[in-house]
Amino acid sequence: MAEKLKEAKKQTAIAKLNDVPTSPRKMRLVADTVRGVEVNKALDLLKFSKKQPSVPLEKLLRSAIANWEAKNPEQAKELDNGNVYVKTIMVDEGRTLKRIRPCPQGRAGRIRKRSNHITIILDVKKPETVEA
């Protein structure tokens with residue numbers, strides 16, 4: 001059982017990025033486009049996206065790919081064949097910086113500068129068995 005889990009963990013690669021200065025809601029819009037997509041296609045989607053959060057997400061995806069290649073040097077052709085895909089992508093809320101802006105009648109208005117944490121997990125597609 002432990003060997004099975006160990007082998008399964010070897011197939012997956014994880015990359016994390018903390019405190020990205022973008023609101024989680026904006027980042028989730030971009031993350032939803034690459035969830036479950038093959039890695040090379042996901043890189044293309046992020047590269048040609050006009051949304052600002054796609055830049056750090058593309059950089060993190062490249063890091064996850066490098067982590068996967070380091071864990072699986074004998075399976076480098078799987079990446080070219082298109083069998084590696086984005087299994088999970090999570091965008092969690094990070095710390096919020098609170099700032100104050102002057103408002104009418106001597107009041108102070110709150111500005112919340114949000115940030116987020118992103119986690120990407122890559123995995124290899126299992127070969128499908130055809131039953132006759």
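At what angle do the axes of α2 and helix α4 (residues 54–71) cross, and within what distance do they come? In this predicted model, the two axes cross at roughly 50° and come within 10 Å. The arrangement of α2 relative to α4 is therefore oblique, since angles that fall outside the ranges under 35 degrees, 65 to 115 and over 145 are classed in that way. The crossing in which α2 passes α4 is right-handed. On the α2 side, the contact is formed by M27, V30 and A31, which meet S54, P56 and L57 of α4. Sorted by class, the residues of this contact comprise five nonpolar, one polar and no charged.

Helix α2 (residues 24–34) also packs against helix α3 (residues 39–47). Here the angle is about 145°, and the axes lie 9 Å apart. The sense of this crossing, in which α2 passes α3, is right-handed. V30, T33 and V34 are the α2 residues of the contact, and their partners in α3 are A42, L45 and L46. The class composition of the contact between α2 and α3 is five nonpolar residues, one polar and no charged. V30 thus appears in the contact with α3 and also in the contact with α4.

Attention may now turn to the segment that leads into α2. S23 is located in the loop between β1 (13–20) and α2. Is S23 buried or exposed? Its relative accessible area is 18%, so S23 is classed as buried, the cut-off for that class being under 20%. When residues up to four places away in sequence are not counted, S23 touches R114 and N116.

N116 provides a link to a further residue, V91, because heavy atoms of the two lie within 4.5 Å of each other. V91 belongs to strand β2 (residues 84–93). With a relative accessibility of 6%, V91 is likewise buried. Which residues does V91 contact, leaving aside neighbours within four places in sequence? They are P24, M27, R28, A31, N116, H117 and I118. Of these contacts, M27 and A31 are also residues through which α2 meets α4. The C-alpha atoms of V91 and L79 are separated by 24 Å, and these two residues are twelve places apart along the chain.

Taken together, these details centre on α2: the helix packs with α3, its axis crosses that of α4, and residues including M27 and A31 are in contact with the buried V91.

Notes: Residues numbered from 1 in each chain as written. Predicted model: local features only at pLDDT ≥ 70, side-chain atom pairs only at ≥ 80, totals over all residues. Heavy atoms only, no water. Axes fitted to C-alpha atoms, helices over the stretch in contact; angles between N-to-C directions. Helix = DSSP H or I, 4+ residues; strand = E, 2+ residues; numbered from the N terminus. Left-handed = near helix turned anticlockwise from the far one by under 90°. Nonpolar A, V, L, I, M, F, W, Y, C, P; charged D, E, K, R; others polar. Buried < 20%, exposed > 50% of the residue type's maximum accessible area, 1.4 Å probe, protein only.
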